Amino acid sequence: MAIQARNPEPSRMWLLADVACRLGPHALAQYGLHRLRQAAGLPQQALRDAPPPPVGLLGFAALPPPPVLAPEAQARLRAALESLPGAVCHGPFAADMPALALDLFNPGDVRPVWEANRLACLPLLVQAARLWPEEGHRARLEARLAAWTDANPPFRGPNWACGQEAALRVLHLALALMLAGLRRPGPAARDLLALHARRILATRAYARAQDNNHSISEPAGLLACGWLLGDAAMARRAGQELAAALARLVAPDGGFAQLSTGYHRLLLDVLSVVEALRRHQGAPPLPEPFTARAAAAARWLARLVSAQGALPALGHQDGSALADLSAGGVADARGSVERAMRLFAGESAGFAEEPGCRWLGLPEGLPAALRPAEWVATGSRGWAVAGARALLRTGPLRFRPGQADMLHFELWDGDRPVLTDAGTGAYNPPAGQEWWLDYFPAAAAHNTITFDGREPMPRLSRFLLARWPRLRPLPDGAALRDGRGNRHHRQVRAEGRSWTVLDTVSGPFHALTLRWRLGPGAWRLRPGGVEGPDRLRVTADAPLHITLEEGWESPAYGVVRPCPVLAVRALAPITCLATQIELG
């Protein structure tokens, strides 16, 4: 499939200036500092070669007895242990090259390499050692960790190339120590933690400049290092930075700067490990608004998770499942939501039997959180009516959007997707699939309207869009105005099992296309719409050309498959389209 043509836009210099104004002085100053430090060679000096830590890294004493778990929870843990990646994984990247000198794009996709090297095996193997002490899981843990350290000499190879990846390894190591009942690691583990702290500190300005998950995860990793190493100054500084980052990036209503259900889950997982470790260490609470913002973020995701743990695929989805103590995997967010709700909100998300919470000894019998029929948060608006839930991507755009998904509307009936997001594909697709980079972030890959077949925001790089549209709230919806003067107002109404999406448009466009990306099922074109598991009918104040087309969706990172798309096309003048959805 050919890469979609780039839209004709103003000059690149003009677009860069536009983006600089929108990113704001904080991000620009931090990125400028990062580039200055790079030019002076400071990160490279900080990450000079160091001796690897010695073997015998964790040195467990007697392990605590395990919690009482249902047989299915134990079976999931065994399945997760059987599917662990190899202890050594560098992918197509040089293992002996200085990490900061590596090309992380041309050899291939580094994302799967990083995921395989987050040491997620450590807490799983501690769990197994507590459940089945006679099976040799402690020895397997030490052998895997020794193999990893041998294959990844400090600050060389792809697994030392990213400060956030170092932070996530620290959190898994901290979680393993907690599960083993240890408050202070042995000398070898201390050496490993000190190396990771050194890696995170070397590129802190880059992390701060991102205004996304990096800005949260990296101070969280440093905070864990400070506590575990007994370094009070490091812990104090990291705790202050983490609280400040949360105050900046998470709104009081729980909306996250990086509007993505996948990255929102990662945010909660990071914060939950930090809070669990704080309690385990007996450390004082972090500065406010840490707890209040974490509770608000937990409630935001709790409203969206289904009874079986599925989430809408809004925004970038990279397949992360940090600290997955229930072994539910990427597709099951129940553990992430329940853990965060208990730790920060003092409530349950409705998953009282969640095994990961039992591993952490979190209180049970908490009151269930209320799920409002309608709610509004920074960047989104949601509904929960008659067993269905919906999510509308709104604004304002204070932070950079990752995809052109403005006014995207997603609808789920229980665990079944009705109208869905296309997903992500991959950040660096395999050869011959480069079209993923244009397709999945595009407005045409979302449930919204495109004008004249053009993207609303020119793309400057993989993760940077220019000319962000202006957005404002509406009663029951939101409105946008793009850089070409086209306006789109979207309102959502629900009455029982019937949903109506009303789109009002105006501007200098000549033609428009409304797309509805349909969930799984045998969909058939019918007059005015489609019929399948549900019925959709579209009407307007102008003639419509309605087709059922083949599109693409990415149900998991690196996986792409065909999917049905209802495309509704019309020529100007047209001012209003109404989509009626009758759930089956």
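Trainee: Is Arg 416 buried or partly exposed?

Mentor: Keep in mind that this is a predicted model. Arg 416 is partly exposed, with a relative accessible area of 26%. Its cut-off is simple: under 20% would count as buried, and over 50% as exposed.

Trainee: And which residue forms a salt bridge with Arg 416?

Mentor: The general idea comes before the case. Side chains of opposite charge can pair when their charged atoms come close. Here, Asp 413 is the partner of Arg 416, with the closest N and O atoms 3.2 Å apart. Asp 413 is buried, at a relative accessible area of 14%.

Trainee: Which residues are joined into one network by salt bridges that share partners?

Mentor: Look for Arg 111, Glu 115, Arg 118, Glu 165 and Asp 318. By the rule used here, the count comes to 28 salt bridges.

Trainee: How should I read a salt bridge inside a helix, and what separates Glu 275 and Arg 278?

Mentor: Start with the helix itself. An α-helix has 3.6 residues a turn, so residues three or four places apart point the same way. Now the case: Glu 275 and Arg 278 are separated by about one helical turn, because they sit three residues apart in helix H12 (residues 261-281). Their side chains meet in a salt bridge, at 2.8 Å from N to O. Glu 275 counts as buried at 5% relative accessibility, and Arg 278 counts as buried at 12%.

Trainee: Where do Glu 338 and Arg 342 lie?

Mentor: Both are in helix H14 (residues 334-345), four residues apart, or about one turn of the helix. Glu 338 and Arg 342 form a salt bridge, with 2.7 Å between the closest N and O atoms. Both Glu 338 and Arg 342 are buried.

Trainee: Let's zoom out. What domains does the domain assignment of the chain give?

Mentor: Domain 1 covers 21-210, domain 2 covers 250-371 and domain 3 covers 377-582. Let's take the first pair on that list as our example. The C-alpha centres of domain 1 and domain 2 are 21 Å apart.

Trainee: How many residues of domain 1 are in contact with domain 2?

Mentor: On the domain 1 side there are 28, and they are in contact with 22 residues of domain 2. You can also read an interface by area: about 2,100 Å² is buried between domain 1 and domain 2, and carbon and sulfur atoms give 65% of that. Arg 76, Leu 171 and Met 178 supply 26% of the area that domain 1 buries against domain 2, more than any other three residues.

Trainee: What about charged and polar links there: how many salt bridges are counted between domain 1 and domain 2?

Mentor: The count is one salt bridge. Arg 111 forms a salt bridge with Asp 318, and their closest N and O atoms are 3.2 Å apart. Across the interface of domain 1 and domain 2, the rule also finds eleven residue pairs in polar contact.

Trainee: Which elements give two or more residues to the side of domain 1 that touches domain 2?

Mentor: Those are helix H3 (71-82), helix H4 (111-116), helix H5 (121-131) and helix H7 (163-179). H7 gives the most, with eight residues. By class, this side of domain 1 has 17 nonpolar, four polar and seven charged residues.

Trainee: H5 was on that list. How many of the residues of H5 are buried?

Mentor: Eleven of its eleven residues, which makes H5 mostly covered. Among them are Cys 121, Gln 127 and Arg 130. What covers the buried residues of H5 includes H3, helix H6 (137-151), H7 and helix H15 (355-359).

Trainee: How do I read the surroundings of a single residue, say Gln 281, and which residues is Gln 281 in contact with?

Mentor: Set aside the neighbours within four places in sequence, and you find Arg 183, Arg 184, Trp 227 and Leu 228. Gln 281 is found in helix H12 and is buried, with a relative accessible area of 15%. The side chain of Gln 281 reaches the backbone oxygen of Arg 183 at 2.9 Å.

Trainee: One last residue: where is the place of His 489?

Mentor: His 489 is in strand S11 (residues 487-495). At 25% relative accessibility, His 489 counts as partly exposed. Not counting residues up to four places away in sequence, His 489 touches several residues, including Arg 472, Leu 502 and Asp 503. His 489 and Cys 576 are 87 residues apart in sequence, and 9.4 Å apart in space from C-alpha to C-alpha.

Note on methods: Residues numbered from 1 in each chain as written. Predicted model: local features only at pLDDT ≥ 70, side-chain atom pairs only at ≥ 80, totals over all residues. Heavy atoms only, no water. Domains from an automatic or database assignment. Contact = heavy atoms within 4.5 Å. Buried area = accessible area lost by both parts, 1.4 Å probe. Salt bridge = Lys/Arg side-chain N within 4 Å of Asp/Glu carboxyl O. Polar contact = N/O pair within 3.5 Å; in protein donor to acceptor, adjacent residues only side chain to side chain. Nonpolar A, V, L, I, M, F, W, Y, C, P; charged D, E, K, R; others polar. Buried < 20%, exposed > 50% of the residue type's maximum accessible area, 1.4 Å probe, protein only.
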